[in-house]
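Q: I'd love a close look at the charged side chains in this model. Could you walk me through the salt bridges and any acidic residue that goes without one?

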Amino acid sequence: MDEHLLRFRKDKKLVFIDCETYNLCLNFCHNVAWQVSMIETDGTKRTDDRDYFIKWNTDFKISEDAARITKYDDDFVQKNGKEVKETLPTIQKWLDEADYIVGHNILGFDIYLIKELYKLHGADYKPLMPKIIDTNCIARGIKMDIPYKAGEDFLEYQYRIYNTRRKGIRTNMTALGKEFGIDHDYENLHNALVDLELNIKIWNKRIQIRSERVRSQH
């Protein structure tokens, strides 16, 4: 699995993306993304980023628990946010031009919100699917010792891992970050940009560990 991960690193444009929303519904009929953050890397380092707070003309109210967890501040969003139509061209451009789109639980959550954003922009999200790397699925595959097999469709593999349930498997980013001894602002997780920064640190740590293991075998 981690050998497969290595080939996504060299000379590729990776866009890490995360969405914060009003609730856990997977459709804009009951939910919207009020923060969409993206970090672009060249496979080794951060090259650009975007952090959008989005204002919606909606009657949706964020739940008390969601507001507490994400530290949602409606006054801040209304003052500093952009209309969704202002953000869509950049979001689509970044994702369309990426070699790979990376997110933690992107297949279980964010891709549904991305689909809705694309629909608002009159665009088809389906060409994005083969480019998706779900770091939650990668972590689960490693912890469950279910390796990716050469020649297997990687998207299908990720969905298979996503739908495999085993007790005691902890792959949330806080658990992974602390497991790797990564220094980070854990108190402010659930801010999309802070989440992405941790995800990139975990990604780079996996690459480092795999590279050191390969070198030690030669």
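A: Happily; here is a tour of the charged pairs, followed by an unpaired acid and two backbone details. Please keep in mind that this is a predicted model.

The salt bridges number 11 in total. One of them pairs E97 with K13, whose closest N and O atoms are 4.0 Å apart. E97 belongs to helix α4 (residues 84-97) and K13 to the loop between α1 (2-6) and β1 (14-21), so this pair ties together parts that are 84 residues apart in sequence. E97 is partly exposed at 40% relative accessibility, and K13 is partly exposed as well, at 27%.

In helix α2 (residues 64-70), D65 and R68 sit three residues apart, about one helical turn. Their side chains form a salt bridge with an N to O distance of 3.5 Å. D65 is partly exposed at 48%, while R68 is exposed at 56%. Shared partners also link K13, K93 and E97 into one salt-bridge network.

D42 has a bridge to K45, at 3.0 Å between the closest N and O atoms, and D42 is partly exposed, at 26%.

Now for the unpaired acid: D195, in helix α9 (residues 192-216), is buried but has no salt bridge. The nearest side chain of opposite charge, K71, is 9.2 Å away. Residues that D195 touches include D18, E20 and H190.

Finally, the backbone. Most residues other than glycine have a negative phi. N105, in the loop between β5 (100-103) and α5 (106-120), has a positive phi of about 70°. D145, in the loop between α6 (135-143) and α7 (154-162), has a positive phi of about 55° and is exposed at 64%.

Note on methods:
Residues numbered from 1 in each chain as written. Predicted model: local features only at pLDDT ≥ 70, side-chain atom pairs only at ≥ 80, totals over all residues. Heavy atoms only, no water. Helix = DSSP H or I, 4+ residues; strand = E, 2+ residues; numbered from the N terminus. Buried < 20%, exposed > 50% of the residue type's maximum accessible area, 1.4 Å probe, protein only. Lys, Arg positive; Asp, Glu negative; His and termini not counted. Contact = heavy atoms within 4.5 Å. Lists of a residue's contacts leave out its neighbours within four places in sequence.
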